[in-house]
Amino acid sequence: MSARYGADIEGEANGREEAESVVTASGVAKTYDSVLPFRRSVDVLENATLEVDRGEVVGIMGENGSGKSTLMQILAGVLDHDDGDVDRAGTVGWCPQEPRLYDRLTVDETFRLFGRAYGMDDDEIADARDWLVDVLDFERFRDRRVDRLSGGNRRKLTLSVSLMHDPDVLLLDEPYTGFDWETFLAFWDLTAELRERGVGVAVISHIISERDRFDVIYELHEGHLHRQEVGEDETVDSDPTADGASCERTAAFFDRGGSAATDGGDAPEQGVSR
Amino acid sequence: MNASRRITTGVRASTVSFFREPLNVALLLALPALSVQIYGVSLAQFPDVGLFDAAGSLETTGRITGAVFATGALAGVLGLFQMISARNADHRLSLCGFRPVELVGSRFVTVLAVSLVISAVSTGTLVALLSTGVGAPLAALAGLTLAGLIYGLLGLVVGTALPRELEGSLVLVMLADMDNVFASGLFDIDESITQFAPLSHPHEIVRQAVVDGTLATGHVLPALAHVFAFALLGVGVYATTIANGGDA
């Protein structure tokens, strides 16, 4: 099943209203075959099963080289898998590990280009851009070329591109590498807010101390996923961890025009057409 | 509506990306002038004793050959660099909603735009440096644009299949050099061979435009056929690359 990222899907039902699970993977297997003789193939995933529900923050952990990014790319529909099934309900936002942006475009031009790809109009692009550069605090770099951004700001832009079309599920591959502390906290505020609004979020993380921010954690070990429920008393702290302002700004973005619902059960009307 | 907006935005983005790089602009302005001058001066050093099979003077033939080489090689290398720098981002953009055909379309229009600029610079250089003048400047511009377009598309193909700057550039420059030798008409090579040299038809269009002041209509269609063939090849290789996540 191919992933839907937003463009040209007018008229389709909104996944947030229809399905509890926004991404389901069952029995997924992936082997990297060598095209050269005398080089062995690598079995990365074997019978990997995972589920991301709407309004759920899922952590994917594992040692280096365990196949987390491969799994994420398969979930995002970027990479083919050899066996098993992957189902997605609703639109996908994928934040890859490497930026995959155009070096010589500015931040504003990048928003415009990817916004067009998502099928957004000028106003929708401007609204999403203003919200994200504000929440992630890189507004002053809007006119700067991507190749002249710091690593952290490039990461913010990469994350923003995956978020700007208001997807139903966010698949984030180590999204906060290079973030300063305030932005790191703002990121988790944003994640909490999106979670409240029914967005399913899957995050690849290496940081053990973040475990209590997730509802569910999947440990990837030798190609197998091991699910761990985070206890009720350990669930995500819904209080803002930065200054609280980023949550307000996110709420203002979704509530602009008074058309968006705020209870997490209904889909906002803005952003990309569904 | 969305498709045309996406293509327009894509073309603008890749054209801006190209002209925003100072090295690209410097090469664009300097390389045609250098090439036209060096080829012209070099060939003019040879005594005209029938060693070469040139229709015009050796200096004129040299300058024409230099212009065609500079346009082809420069467009090719820039097509290559464009593809190498953009392949991963193109893949992400295609996931976000850009159809591969729209992306390919954007790349082709960009190659055309850049080829036109390179050809205009090369034509201007020819007009400025040729003592005999250029008989039909617009026809010369058309011939050089076809040379740029053919090699710009070839650059996209090489950049997709061989995404390495050094190796890809070497392949393109060597191809353009050999092709240009066949196309120049300086050596009496069998036409059954030279007709397959991609630059042979654009070269003849430019030569007739400069020397005779006419448009070599018999060479326009074959040159366009080369453009079409490389465009088809480019679409196939590019679509495969995008489908494979930016990896050939």
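Glu109(A), Arg112(A), Leu113(A), Arg116(A) and Ala117(A) of helix H3(A) meet Arg5(B), Arg6(B), Thr9(B) and Ala13(B) of helix H1(B). Two residues are in contact if their C-beta atoms, placed from the backbone, lie within 7 Å; helices (H or I, at least four residues) and strands (E, at least two) are DSSP runs, numbered from the N terminus. The residues of this contact divide into 3 nonpolar, 1 polar and 5 charged. Here Ala, Val, Leu, Ile, Met, Phe, Trp, Tyr, Cys and Pro count as nonpolar, Asp, Glu, Lys and Arg as charged, and the others, Gly among them, as polar. The model is predicted: local features need pLDDT of at least 70 and side-chain atom pairs count only at pLDDT 80 or more, while totals for chains, interfaces and linings use all residues. Residues are numbered from 1 along each chain as its sequence is written, and chains are lettered from A in the order in which they are written.

H3(A) spans residues 107-118 and H1(B) residues 2-19; they pack at an angle of about 150 degrees, with their axes 9 Å apart. Axes are lines fitted to C-alpha atoms, for helices over the stretch in contact, and angles run from 0 to 180 degrees between N-to-C directions. H3(A) and H1(B) are therefore roughly antiparallel to each other (under 35 degrees counts as roughly parallel, over 145 as roughly antiparallel, 65 to 115 as roughly perpendicular and the rest as oblique).

The contact between the chains takes 22 residues from chain A and 20 residues from chain B. On the side of chain A, the largest share, 7 residues, comes from H3(A). By class, that side has 13 nonpolar, 2 polar and 7 charged residues.

Within chain B, the axes of H4(B) (residues 100-129) and H5(B) (residues 137-161) come within 7 Å and cross at roughly 135 degrees. H4(B) and H5(B) are therefore oblique to each other. The residues of their contact divide into 15 nonpolar, 7 polar and 1 charged.

The largest nonpolar core (buried Ala, Val, Leu, Ile, Met, Phe, Trp, Tyr and Cys residues joined through C-beta atoms within 7 Å) has 138 residues. A residue is buried if 20 or more other C-beta atoms lie within 10 Å of its own. Helix H3 of chain B (residues 58-96) gives the largest share of this core, 17 residues. Ala140(B) is among the residues with the most contacts inside the core. Not counting residues up to four places away in sequence, Ala140(B) touches Thr123(B), Leu126(B), Val134(B), Val206(B), Ala209(B) and Val210(B).

Definitions and conventions:
A residue is buried if 20 or more other C-beta atoms lie within 10 Å of its own, exposed if 12 or fewer, and partly exposed in between; C-beta atoms are placed from the backbone.
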